[in-house]
Amino acid sequence: MARGPVSLGAGFRALARRDVLLADLGYVGHMWELYAMWAGVGAFLLALPQVAARPDAAAYAGVLASACIGVGALGCLLGGVLGDRWGRPRAALLSLVCSGGAALVLAASYPVAPLGVVVGLCAFWGFWVIADSAQFSAMVTESAPPGSVGGALSVQLALGYATTTLTLWLVPALVDAVSWRLALVVLALGPAVGAAAMVAAERGRGSAQPSAATAAS
(Lines give C-alpha, C1' and ligand atoms only; values in the text may rest on other atoms or scores of the structure.)
Protein backbone atom coordinates (compact mmCIF):
# COMPACT_ATOMS: atom_id res chain seq x y z
CA MET A 1 0.00 0.00 0.00
CA ALA A 2 1.37 3.42 -0.96
CA ARG A 3 2.18 5.79 1.88
CA GLY A 4 1.72 9.53 1.93
CA PRO A 5 1.82 12.41 4.39
CA VAL A 6 -0.95 12.83 6.94
CA SER A 7 -3.06 15.84 6.01
CA LEU A 8 -5.30 17.39 8.63
CA GLY A 9 -6.95 19.41 5.89
CA ALA A 10 -7.92 16.21 4.14
CA GLY A 11 -9.08 14.86 7.48
CA PHE A 12 -11.44 17.77 8.02
CA ARG A 13 -12.67 17.54 4.43
CA ALA A 14 -13.47 13.88 5.05
CA LEU A 15 -16.15 15.06 7.49
CA ALA A 16 -18.22 15.89 4.44
CA ARG A 17 -18.75 12.16 4.09
CA ARG A 18 -21.79 11.14 6.07
CA ASP A 19 -20.33 7.91 7.45
CA VAL A 20 -17.18 9.66 8.64
CA LEU A 21 -19.18 12.39 10.35
CA LEU A 22 -21.47 9.89 12.06
CA ALA A 23 -18.48 7.83 13.20
CA ASP A 24 -16.95 10.95 14.73
CA LEU A 25 -20.21 11.84 16.48
CA GLY A 26 -20.36 8.32 17.86
CA TYR A 27 -16.78 8.59 19.05
CA VAL A 28 -17.41 11.93 20.74
CA GLY A 29 -20.38 10.40 22.59
CA HIS A 30 -18.21 7.45 23.58
CA MET A 31 -15.37 9.65 24.81
CA TRP A 32 -17.76 11.90 26.73
CA GLU A 33 -18.37 8.93 28.99
CA LEU A 34 -15.30 6.67 28.86
CA TYR A 35 -12.49 8.41 30.74
CA ALA A 36 -14.84 10.08 33.18
CA MET A 37 -16.16 6.63 34.07
CA TRP A 38 -12.65 5.23 34.49
CA ALA A 39 -11.53 8.22 36.56
CA GLY A 40 -14.66 8.42 38.67
CA VAL A 41 -15.81 4.87 39.39
CA GLY A 42 -13.47 4.50 42.38
CA ALA A 43 -14.70 7.75 43.93
CA PHE A 44 -18.29 6.73 43.21
CA LEU A 45 -17.84 3.41 45.01
CA LEU A 46 -16.04 5.11 47.89
CA ALA A 47 -19.02 7.44 48.31
CA LEU A 48 -21.34 4.50 48.96
CA PRO A 49 -22.24 4.23 52.66
CA GLN A 50 -21.48 0.48 52.65
CA VAL A 51 -17.93 1.16 51.45
CA ALA A 52 -17.25 4.42 53.29
CA ALA A 53 -17.97 2.74 56.65
CA ARG A 54 -15.14 0.22 56.21
CA PRO A 55 -11.76 0.88 57.88
CA ASP A 56 -10.04 0.02 54.58
CA ALA A 57 -12.56 1.98 52.50
CA ALA A 58 -10.12 3.60 50.06
CA ALA A 59 -8.23 0.38 49.33
CA TYR A 60 -11.45 -1.63 49.03
CA ALA A 61 -12.97 0.89 46.62
CA GLY A 62 -9.76 0.81 44.59
CA VAL A 63 -9.86 -2.96 44.23
CA LEU A 64 -13.51 -2.89 43.19
CA ALA A 65 -12.87 -0.09 40.72
CA SER A 66 -9.92 -1.93 39.19
CA ALA A 67 -12.11 -4.98 38.61
CA CYS A 68 -14.88 -2.87 37.08
CA ILE A 69 -12.42 -1.24 34.68
CA GLY A 70 -10.41 -4.38 33.94
CA VAL A 71 -13.44 -6.35 32.78
CA GLY A 72 -13.50 -3.96 29.83
CA ALA A 73 -10.77 -6.08 28.21
CA LEU A 74 -13.40 -8.76 27.63
CA GLY A 75 -15.77 -6.08 26.37
CA CYS A 76 -13.23 -5.08 23.71
CA LEU A 77 -12.97 -8.68 22.58
CA LEU A 78 -16.72 -9.08 22.29
CA GLY A 79 -17.06 -5.70 20.60
CA GLY A 80 -14.61 -6.74 17.91
CA VAL A 81 -16.41 -10.02 17.29
CA LEU A 82 -19.80 -8.29 17.07
CA GLY A 83 -18.40 -5.57 14.81
CA ASP A 84 -17.20 -8.18 12.31
CA ARG A 85 -20.47 -10.12 12.45
CA TRP A 86 -23.07 -7.37 12.66
CA GLY A 87 -21.28 -4.37 11.20
CA ARG A 88 -19.61 -1.52 13.09
CA PRO A 89 -22.64 0.74 13.67
CA ARG A 90 -24.84 -1.98 15.15
CA ALA A 91 -22.10 -3.27 17.46
CA ALA A 92 -21.31 0.26 18.63
CA LEU A 93 -25.01 0.96 19.17
CA LEU A 94 -25.35 -2.02 21.49
CA SER A 95 -22.36 -0.88 23.54
CA LEU A 96 -23.58 2.71 23.79
CA VAL A 97 -27.08 1.68 24.87
CA CYS A 98 -25.71 -0.72 27.49
CA SER A 99 -23.14 1.70 28.92
CA GLY A 100 -25.46 4.69 28.96
CA GLY A 101 -28.23 2.56 30.42
CA ALA A 102 -25.93 1.36 33.18
CA ALA A 103 -25.12 4.96 34.12
CA LEU A 104 -28.82 5.81 34.31
CA VAL A 105 -29.67 2.75 36.42
CA LEU A 106 -26.83 3.61 38.80
CA ALA A 107 -28.14 7.17 39.04
CA ALA A 108 -31.63 5.92 39.85
CA SER A 109 -30.43 3.43 42.47
CA TYR A 110 -27.77 5.58 44.19
CA PRO A 111 -27.16 5.32 47.13
CA VAL A 112 -29.75 2.83 48.35
CA ALA A 113 -29.09 -0.30 46.24
CA PRO A 114 -27.20 -3.19 47.86
CA LEU A 115 -23.45 -3.06 47.37
CA GLY A 116 -23.38 -6.25 45.32
CA VAL A 117 -25.94 -4.81 42.90
CA VAL A 118 -24.00 -1.56 42.55
CA VAL A 119 -20.70 -3.34 41.93
CA GLY A 120 -22.38 -5.61 39.39
CA LEU A 121 -23.80 -2.60 37.58
CA CYS A 122 -20.41 -0.87 37.63
CA ALA A 123 -18.78 -4.00 36.19
CA PHE A 124 -21.47 -4.15 33.50
CA TRP A 125 -20.78 -0.47 32.78
CA GLY A 126 -17.04 -1.06 32.63
CA PHE A 127 -17.55 -3.97 30.23
CA TRP A 128 -19.63 -2.01 27.72
CA VAL A 129 -18.12 1.46 28.09
CA ILE A 130 -15.01 0.41 26.14
CA ALA A 131 -16.46 -2.36 23.95
CA ASP A 132 -17.26 0.06 21.11
CA SER A 133 -13.96 1.95 21.11
CA ALA A 134 -12.38 0.30 18.07
CA GLN A 135 -15.56 0.43 16.01
CA PHE A 136 -15.38 4.18 15.40
CA SER A 137 -11.83 4.20 14.07
CA ALA A 138 -12.69 1.19 11.91
CA MET A 139 -15.68 3.07 10.50
CA VAL A 140 -13.48 6.03 9.58
CA THR A 141 -10.81 3.79 8.07
CA GLU A 142 -13.43 2.08 5.92
CA SER A 143 -15.31 5.25 4.93
CA ALA A 144 -12.76 8.05 4.51
CA PRO A 145 -11.61 8.89 0.96
CA PRO A 146 -8.32 7.35 -0.16
CA GLY A 147 -5.39 9.44 0.94
CA SER A 148 -7.26 11.05 3.85
CA VAL A 149 -7.51 8.15 6.31
CA GLY A 150 -4.59 9.30 8.49
CA GLY A 151 -5.90 12.85 8.68
CA ALA A 152 -9.46 11.66 9.31
CA LEU A 153 -8.33 9.45 12.19
CA SER A 154 -6.29 12.32 13.64
CA VAL A 155 -9.32 14.59 13.54
CA GLN A 156 -11.45 11.91 15.19
CA LEU A 157 -8.95 11.42 18.01
CA ALA A 158 -8.62 15.18 18.53
CA LEU A 159 -12.38 15.61 18.79
CA GLY A 160 -12.70 12.69 21.18
CA TYR A 161 -9.91 13.67 23.54
CA ALA A 162 -11.00 17.32 23.57
CA THR A 163 -14.42 16.06 24.64
CA THR A 164 -13.05 13.89 27.43
CA THR A 165 -11.17 16.81 28.99
CA LEU A 166 -14.54 18.48 29.47
CA THR A 167 -16.17 15.61 31.35
CA LEU A 168 -13.06 14.91 33.41
CA TRP A 169 -13.53 18.45 34.76
CA LEU A 170 -17.33 18.48 34.76
CA VAL A 171 -18.11 15.27 36.67
CA PRO A 172 -16.21 16.14 39.88
CA ALA A 173 -17.67 19.64 39.73
CA LEU A 174 -21.21 18.25 39.49
CA VAL A 175 -20.59 15.77 42.30
CA ASP A 176 -19.30 18.53 44.58
CA ALA A 177 -22.02 20.98 43.67
CA VAL A 178 -25.03 18.65 43.40
CA SER A 179 -24.71 14.85 43.56
CA TRP A 180 -23.49 11.70 41.89
CA ARG A 181 -26.98 11.21 40.52
CA LEU A 182 -26.78 14.30 38.34
CA ALA A 183 -23.22 13.51 37.27
CA LEU A 184 -24.25 10.03 36.12
CA VAL A 185 -27.22 11.37 34.17
CA VAL A 186 -24.96 13.92 32.46
CA LEU A 187 -22.50 11.15 31.56
CA ALA A 188 -25.33 9.21 29.91
CA LEU A 189 -25.93 12.11 27.50
CA GLY A 190 -22.81 11.14 25.54
CA PRO A 191 -23.93 7.59 24.78
CA ALA A 192 -27.36 8.95 23.85
CA VAL A 193 -25.81 11.21 21.20
CA GLY A 194 -23.52 8.42 20.03
CA ALA A 195 -26.40 5.95 19.83
CA ALA A 196 -28.43 8.37 17.69
CA ALA A 197 -25.46 8.68 15.32
CA MET A 198 -25.12 4.90 15.09
CA VAL A 199 -28.84 4.48 14.36
CA ALA A 200 -28.41 6.92 11.48
CA ALA A 201 -25.27 5.11 10.30
CA GLU A 202 -27.02 1.72 10.42
CA ARG A 203 -29.96 3.08 8.43
CA GLY A 204 -27.59 4.49 5.84
CA ARG A 205 -25.75 1.19 5.68
CA GLY A 206 -29.01 -0.68 5.16
CA SER A 207 -30.21 1.65 2.38
CA ALA A 208 -26.84 1.42 0.62
CA GLN A 209 -26.89 -2.37 0.40
CA PRO A 210 -29.83 -2.67 -2.04
CA SER A 211 -28.27 0.03 -4.20
CA ALA A 212 -25.01 -1.88 -4.32
CA ALA A 213 -26.84 -5.10 -5.18
CA THR A 214 -28.75 -3.33 -7.98
CA ALA A 215 -25.55 -1.89 -9.41
CA ALA A 216 -23.93 -5.34 -9.33
CA SER A 217 -26.83 -6.87 -11.25
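The buried residues of helix 5 are G72, G75, G79, L82 and G83. They cover an arc of only 105° around the axis, which puts them on the same side of helix 5. As background to that pattern, an α-helix has 3.6 residues a turn, so residues three or four places apart point the same way. I should state at this point that we are looking at a predicted model.

What do these buried residues of helix 5 pack against? Their partners are helix 4, which covers residues 57-70, together with helix 6, helix 7 and helix 8. On the other side of helix 5 one finds exposed residues, namely A73, L74, L77, D84 and R85. Helix 5 itself runs over residues 72-86 and has 15 residues. From its first C-alpha to its last it reaches 20 Å, close to the 21 Å expected at 1.5 Å a residue. After helix 5 comes G87, whose phi is positive, near 105°.

Allow me now to place this helix in the whole protein. The protein has ten helices and zero strands, and from the N terminus on, its elements read α-α-α-α-α-α-α-α-α-α. The C-alpha trace spans about 65 × 35 × 30 Å along its principal axes. Of the 217 residues in the protein, 45% are buried. Among contacts with a separation of 6 or more, 80% are between residues 24 or more positions apart.

One pair illustrates how positions apart in sequence are placed in space. G70, in helix 4, and A123 are 53 residues apart in sequence, and their C-alpha atoms are 8.7 Å apart. Is G70 buried, partly exposed or exposed? G70 counts as partly exposed, because its relative accessibility is 43%, and the partly exposed class runs between 20% and 50%.

I turn to two buried residues in other helices. S99 is in helix 6. With a relative accessible area of 1%, S99 is buried, since the cut-off for that class is under 20%. Leaving aside neighbours within four places in sequence, S99 is in contact with E33, W125, W128, V129 and P191. The second residue, T164, sits in helix 9, residues 149-177. T164 has 4% relative accessibility and therefore also counts as buried. Which residues does T164 touch, not counting those up to four places away in sequence? They are M31 and Y35.

Beyond helix 6, the chain offers a detail of the backbone. Y110 and P111 are joined by a cis peptide bond, with omega at about -5°. P111 lies in the loop between helix 6, residues 88-109, and helix 7, residues 115-129.

The next topic is enclosed space. How many cavities of 30 Å³ or more does the structure hold? There is one, and about 40 Å³ of space lies in this largest cavity. Its lining consists of A36, M37, G40, V41, F44, W125, V171, W180, L184 and L187. Two elements give two or more residues to that lining: helix 2, residues 18-46, and helix 10. Helix 2 provides the largest share, five residues. In character, the lining of the largest cavity divides into nine nonpolar residues, one polar and no charged. W125 appears here as a lining residue, and W125 is also one of the contacts of S99.

Finally, I come to the second largest pocket, which contains about 190 Å³ of space. Twelve residues line this pocket, and the closest to its centre are D19, P89, E142, S143 and R205. Helix 6, helix 8, residues 133-143, and helix 10, residues 180-216, each supply at least two residues of the lining. Which helix gives the largest share? The answer is helix 10, with four residues. The lining of this pocket is made up of four nonpolar, four polar and four charged residues, whereas the lining of the largest cavity has no charged residues.

To close, I return to helix 5. Its buried residues lie on the same side, as the arc of only 105° shows, and they pack against helix 4, helix 6, helix 7 and helix 8. Helix 6 also carries the buried S99 and supplies at least two residues to the lining of the second largest pocket.

Notes
Residues are numbered from 1 along each chain as its sequence is written. This is a predicted model: local features need pLDDT of at least 70, side-chain atom pairs count only at pLDDT 80 or more; totals for chains, interfaces and linings use all residues. Side-chain values use heavy atoms; hydrogens and water are left out. Buried means under 20% relative accessible area, exposed over 50%, partly exposed in between (1.4 Å probe, protein chains only). Contact means heavy atoms within 4.5 Å. On a 1 Å grid over the protein atoms alone, a cavity is a set of points where a 1.4 Å probe fits but cannot get out, and a pocket is an open set with protein on both sides within 12 Å along at least five of seven lines; lining residues have an atom within 4 Å of a point. Grid points are joined across faces, edges and corners, and a volume is the space filled by probe spheres set on the points. Ala, Val, Leu, Ile, Met, Phe, Trp, Tyr, Cys and Pro count as nonpolar, Asp, Glu, Lys and Arg as charged, and the others, Gly among them, as polar. The expected span of a helix is 1.5 Å times one less than its number of residues. The arc is that of the directions from the helix axis to the C-beta atoms.
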